[in-house]
Structure formats: structure tokens, C-alpha cells
Amino acid sequence: MANKLVVVLGATGHQGGSVVTALLNHGGYSIRGLTRNTESLPAKDLAAKGVEMVQASLIDKSSLVAAFRGAYAKVYAITLPFTGVNEDVMGRNIVDACRANNVPLLVLSSLPSSLEVSNGKFNVQLMEEKCRVPAYASEVGQPTVVFYLGAFCENLLQHMGRSQLQPVSADRTKWQIFYPIVPASVPQPLSYISADVGPSALAVIDRWEDPAARERLTKAPIVVCSFMITGEEMEQTIARVTGKEVKYVPIQVPEPMKTMFDFCAEVWYPDELPPPVLKDLGVKFHTFEDYVREEVVPFMAKQ
Ligand SMILES: NC(=O)c1ccc[n+]([C@@H]2O[C@H](COP(=O)([O-])OP(=O)(O)OC[C@H]3O[C@@H](n4cnc5c(N)ncnc54)[C@H](OP(=O)(O)O)[C@@H]3O)[C@@H](O)[C@H]2O)c1
């Protein structure tokens, strides 16, 4: 029997890349990765690893309908902010394309309503757009597991075109983490995307046929965050592991990031982290120290 087909949106990006890696490591699924450009280097790298790379765009529903075609397709999907197209529209395209193909499971990366969780104090546009997609999926009867992510650990090394972690002395012994707005003492939920999102999605896909697991997975959105950590703890951990001097420095940022990080400084997930439902399914979440050893140390060595 042919392997079950999993379709991954954003396969060349952080989240999708993590899901593709987990599926490749598992070895028991066929993988179709979606990209806007099958000729790009990242797309060709994935094709060389055995991923079927297919051209599709979130703003072109017919391309998604064609790309989701498959006897047993399950989809890991993201929508994208700051593109000029409402994420709600992208999300509806994803859901409609799932329905058109009777996709048995959509794993959707989303975020909660900022207005709802802050009792009306913060209106973070990208959160308000993302949160409408699970509601639409439920309205049209698309079976969906919703992931809520925290700030990405990966932002430290790549965020909005630059790294948050930067050397501040010529000999590279002193570093600063230029983090938007959030004071150094405030705990933040972080997701170590490359290490933890893929195994989390894989656990959902692998256990979808188990009615008891399915009931728990669909009860509420799952907060896929690896740990809570303060800026002070980040600087201490990086300093301890690397032997460098590290300072966490909150910085001002323009809108729309300002409102988003004002929100992060005041309101976040109340849930237990990492999420018990995924730990119970065998997902082994990583620590910030793991991230520093695996990603930050090689990054610093290259600067
Ligand atoms: N950074 C954070 O701290 C954070 C926290 C929570 C949530 N998020 C959310 O995470 C999402 C970004 O995820 P990510 O970091 O995994 O993405 P990413 O690394 O920025 O990569 C974007 C991916 O989307 C694909 N893509 C871009 N435009 C597309 C389009 N029109 N149609 C189809 N695919 C398209 C790109 O593929 P090609 O270039 O190959 O087409 C690429 O694979 C955003 O929604 C963001 O709001 C981020």
C-alpha cells in the first residue's frame, strides 16, 4: 500500500520545514511540499531529499485545491501577515481546498484573538485575522487541530530581516539581545520551531485515527510552546553555555510590531507548558539550553 500523503504549506520556511524534517525522519509518509517557486534553492534541496515539491499560493485557491489532491492528504498549514492580503482570506482558501478534497485532518498554525484574551485592551491585527480561520473551519465542518505558537526561538538569529542577538564588541566577547519591548523580567512563552513543531504535528497526524487521542486533540487549540523564559534567563543561559558576556536589551519598535509586543509584555497563554496533550503522545520538548547549544553556538562561531 502507498504511504499516506501529507501536504505541507510553507515547506521551505521555519514551521513547514520542521514538519517536513519530522516526516522525513519518520519515513512512513509521502510528503508534498508547497512553494511559490519550485526552482528556488530551498525547494530544490527538499526535492533532493525526496519531497514532492509543488507550486501553489495561499492567495490562489485553485492552486491549493490542486495541491491538496491525494487519497489521504493531511495538511500542515500556515497563513502569513504583512502581505497586503488578509490572513482570513488565505485561511479560508486553505479550508475550502481541504473541503474540496475531503482532507481528513488539517493541522493549522494560528493564534488566539488578542481582543478576547486581553478583554479588549489590545487589538493585534494579525492575531484577529488568524483567529478567524479555525472558526471558519469549524463552521464548514473541516476536521482541524489548531496550534497556537509562542515567539519563535529562531527570532534570536533571524527576525524581520536581522538577528536579535548581535555582537557589540569587535572581539565578539560581548553580545546583546535586542528584543522588542518586553522587559527583561517578564516570562515569555517561546516555541523552538525547528525542534518541536515538526514532532508535534507528526504526533497529531500519527494518532489521528485513535478516537481518544482525536477527542483530546480537538477539544481546544493546543499551545505548542516549548517553555516559558525571561530575558534575564536568556542572557544567563547563553552566557553560561558560550562563555560570552550577554545582555538582554528591550528596544522600541514601530507599529504594527509595537502593539503586538505590548500585548506580549502583558498578556500571554495561561496554559501549562509544554502542552500535556502532546507530551502524553510522546513529544519530547526541548529547552532553551538545547536551542543555545544547537543553534546559537554555531551562529556565534560564524559571526
Ligand atoms: N516569528 C514569530 O515569533 C511568530 C510567532 C507566532 C506566529 N508566527 C507566525 O508564523 C508564520 C510564519 O511562519 P514561518 O516562520 O514558518 O514562515 P517563514 O519561515 O517566514 O516562511 C514563509 C513560508 O511561506 C511560504 N510562502 C510565502 N508566501 C506564500 C504564498 N503566497 N503562498 C504559499 N506559500 C507562501 C514560503 O515559501 P516559498 O518562499 O518557497 O514560496 C515559506 O516557506 C506567520 O504567520 C507568523 O505570524 C510567528
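In the predicted model, helix 10 (residues 231–242) packs against helix 13 (residues 288–302) at an angle of about 60°, and the two axes lie 10 Å apart. Helix 10 and helix 13 are therefore oblique to each other, and their crossing is right-handed. On the side of helix 10, the contact is made by Met 234, Thr 237, Ile 238, Arg 240, Val 241 and Thr 242. Helix 13 contributes Phe 288, Glu 289, Val 292, Arg 293, Val 296, Val 297 and Met 300. Sorted by class, the residues of this contact comprise eight nonpolar, two polar and three charged.

A second helix pair is formed by helix 1 (residues 14–26) and helix 8 (residues 193–206), whose axes come within 7 Å and cross at roughly 60°. Helix 1 is therefore oblique to helix 8. The crossing of these two helices is right-handed. From helix 1, the residues in contact are His 14, Gln 15, Ser 18, Val 19, Ala 22, Leu 23 and His 26. They meet Ile 193, Ser 194, Ala 195, Val 197, Gly 198, Pro 199, Ala 201, Leu 202 and Asp 206 in helix 8. The contact of helix 1 with helix 8 divides into nine nonpolar, six polar and one charged residues.

Helix 4 (residues 87–100) and helix 7 (residues 132–139) form a further pair, with an angle of about 30° and axes 9 Å apart. Because angles under 35 degrees count as roughly parallel, helix 4 is described as roughly parallel to helix 7. Helix 4 crosses helix 7 in the right-handed sense. In helix 4, Glu 87, Asp 88, Gly 91, Arg 92, Val 95 and Asp 96 take part in the contact, and their counterparts in helix 7 are Arg 132, Val 133, Tyr 136 and Ala 137. Four nonpolar, one polar and five charged residues make up this contact.

Glu 87 of helix 4, which takes part in the contact with helix 7, also forms a salt bridge. Its side chain meets that of Lys 130, with an N to O distance of 2.7 Å. Lys 130 lies in helix 6 (residues 125–130) and Glu 87 in helix 4, so the pair ties together parts that are 43 residues apart in sequence. Over the whole structure, the search finds 12 salt bridges. In general, side chains of opposite charge can pair when their charged atoms come close.

Two open sheets are described here. One contains seven strands in the order 3-2-1-4-5-6-11, and its pairing is parallel. Its edges are strand 3 (52–55) and strand 11 (222–224), each of which pairs on one side only. From one strand to the next, the twist of this sheet averages 25°. Within the sheet, strand 1 (residues 4–8) and strand 4 (residues 74–77) run parallel and are joined by three bridges. Val 6 has Lys 74 of strand 4 as its bridge partner.

The other open sheet has three strands in the order 7-10-12, with mixed pairing. Strand 7 (151–152) and strand 12 (227–229) are the edge strands, each pairing on one side only. Two bridges connect strand 7 with strand 10 (residues 188–191) in the parallel sense. The bridge partner of Phe 152 in strand 10 is Ser 191.

Backbone geometry was examined next. Most residues other than glycine have a negative phi, and most peptide bonds are trans. In the model, the bond joining Glu 255 and Pro 256 is a cis peptide bond with omega of about 5°. Pro 256 is placed in the loop between strand 13 (245–251) and helix 11 (257–266). The peptide bond from Leu 273 to Pro 274 is likewise cis, and its omega is near -15°. Pro 274 belongs to the loop between helix 11 and helix 12 (276–280). Helix 11 thus borders both of the loops that hold these prolines. Asn 119, although not a glycine, has a positive phi of about 50°. The position of Asn 119 is in the loop between helix 5 (114–117) and helix 6, the helix that also contains Lys 130.

Methods. Residues numbered from 1 in each chain as written. Predicted model: local features only at pLDDT ≥ 70, side-chain atom pairs only at ≥ 80, totals over all residues. Heavy atoms only, no water. Pairing = 2+ DSSP bridges. Helix = DSSP H or I, 4+ residues; strand = E, 2+ residues; numbered from the N terminus. Axes fitted to C-alpha atoms, helices over the stretch in contact; angles between N-to-C directions. Parallel < 35°, antiparallel > 145°, perpendicular 65-115°, else oblique. Left-handed = near helix turned anticlockwise from the far one by under 90°. Contact = heavy atoms within 4.5 Å. Nonpolar A, V, L, I, M, F, W, Y, C, P; charged D, E, K, R; others polar. Salt bridge = Lys/Arg side-chain N within 4 Å of Asp/Glu carboxyl O.
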